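Grab a pencil and work through the exercises below. Try each task yourself before you read its solution.

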Amino acid sequence: MVYAIVRAGGRQEKVSVGDLVTLDRVAAEAGSSLELSAVMLVDGDKVTTGADDLSKVKVTAEVLDHSRGKKIVIQKYKNKTGYKKRQGHRSELTTVKVTSIA
């Protein structure tokens, strides 16, 4: 089984060919392809982690769509002072499908 650990959007994801991965928003149109940088490659029993070897590895993915994540509510409250603050946040996300690891 071949899989790779890629760095995308400040996080690391374990991906194989055909996987759907949700990343932070990527500046690419839906239907276009992009290349993800590999941190580690596992091909059966062979593990590749050297920077020189990983520079030759290409992990390509196709952008499927852009969406927004679930709403996160942030509330701050201090007792007996009347201080209340409420804030919301929704992450901008991109769904990609891994097409090849070479």
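**Exercise 1. Which residues is V15 in contact with, leaving aside its neighbours within four places in sequence?**

Step 1: Contact means heavy atoms within 4.5 Å. Step 2: Skip the neighbours within four places, and V15 is in contact with Y3, A4, V6, V21, V59, V98 and I101. A quick note on what you're looking at: this is a predicted model, where local features need pLDDT of at least 70, side-chain atom pairs count only at pLDDT 80 or more, and totals for chains, interfaces and linings use all residues. Residues are numbered from 1 along each chain as its sequence is written, and side-chain values use heavy atoms, with hydrogens and water left out.

**Exercise 2. Find the largest nonpolar core and say which strand gives it the largest share.**

Step 1: A nonpolar core is a set of buried Ala, Val, Leu, Ile, Met, Phe, Trp, Tyr and Cys residues joined through side-chain atoms within 4.5 Å. Buried means under 20% relative accessible area, exposed means over 50%, and partly exposed is in between (1.4 Å probe, protein chains only). Step 2: The largest core has 18 residues, and A4, V15, L36, V59 and V96 have the most contacts inside it. Step 3: At least two core residues come from each of β1 (2–8), β3 (20–24), β4 (33–43), β6 (59–68) and β9 (92–101). Step 4: β4 gives the largest share, with four residues. As background, nonpolar side chains tend to be buried together in soluble globular proteins.

**Exercise 3. What is the order of the elements, and how spread out is the chain?**

Step 1: Helices (H or I, at least four residues) and strands (E, at least two) are DSSP runs, numbered from the N terminus. Step 2: The protein chain has one helix and nine strands, and from the N terminus on they run β-β-β-β-β-α-β-β-β-β. Step 3: The radius of gyration is 19 Å, well over the 13 Å that the globule rule gives for 102 residues, so the chain is more spread out than a compact globule. That radius is taken over C-alpha atoms, and the rule is 2.2 Å times the number of residues to the power 0.38. Step 4: Along its principal axes, the C-alpha trace spans about 60 × 30 × 20 Å. Buried residues make up 26% of the 102 residues.

**Exercise 4. Is S16 buried or exposed, and what does it touch?**

Step 1: Look in the loop between β2 (11–15) and β3 for S16. Step 2: S16 has a relative accessible area of 12%, so it's buried. Step 3: Not counting residues up to four places away in sequence, S16 touches M1, V2, Y3, V98 and I101.

**Exercise 5. Where does K80 lie, and what is special about its phi?**

Step 1: K80 lies in the loop between β7 (72–78) and β8 (83–89). Step 2: K80 counts as exposed because its relative accessibility is 80%. Step 3: The phi of K80 is near 70 degrees, a positive value in a residue other than glycine. Most residues other than glycine have a negative phi.

**Exercise 6. How far apart in space are T60 and E35, and R68 and L93?**

Step 1: T60 is in strand β6, and R68 lies in strand β6 too. Step 2: T60 and E35 are 25 residues apart along the chain, with their C-alpha atoms separated by 4.5 Å. Step 3: R68 and L93 are 25 residues apart in sequence and 5.5 Å apart in space, C-alpha to C-alpha. Step 4: R68 is partly exposed, with a relative accessible area of 45%.
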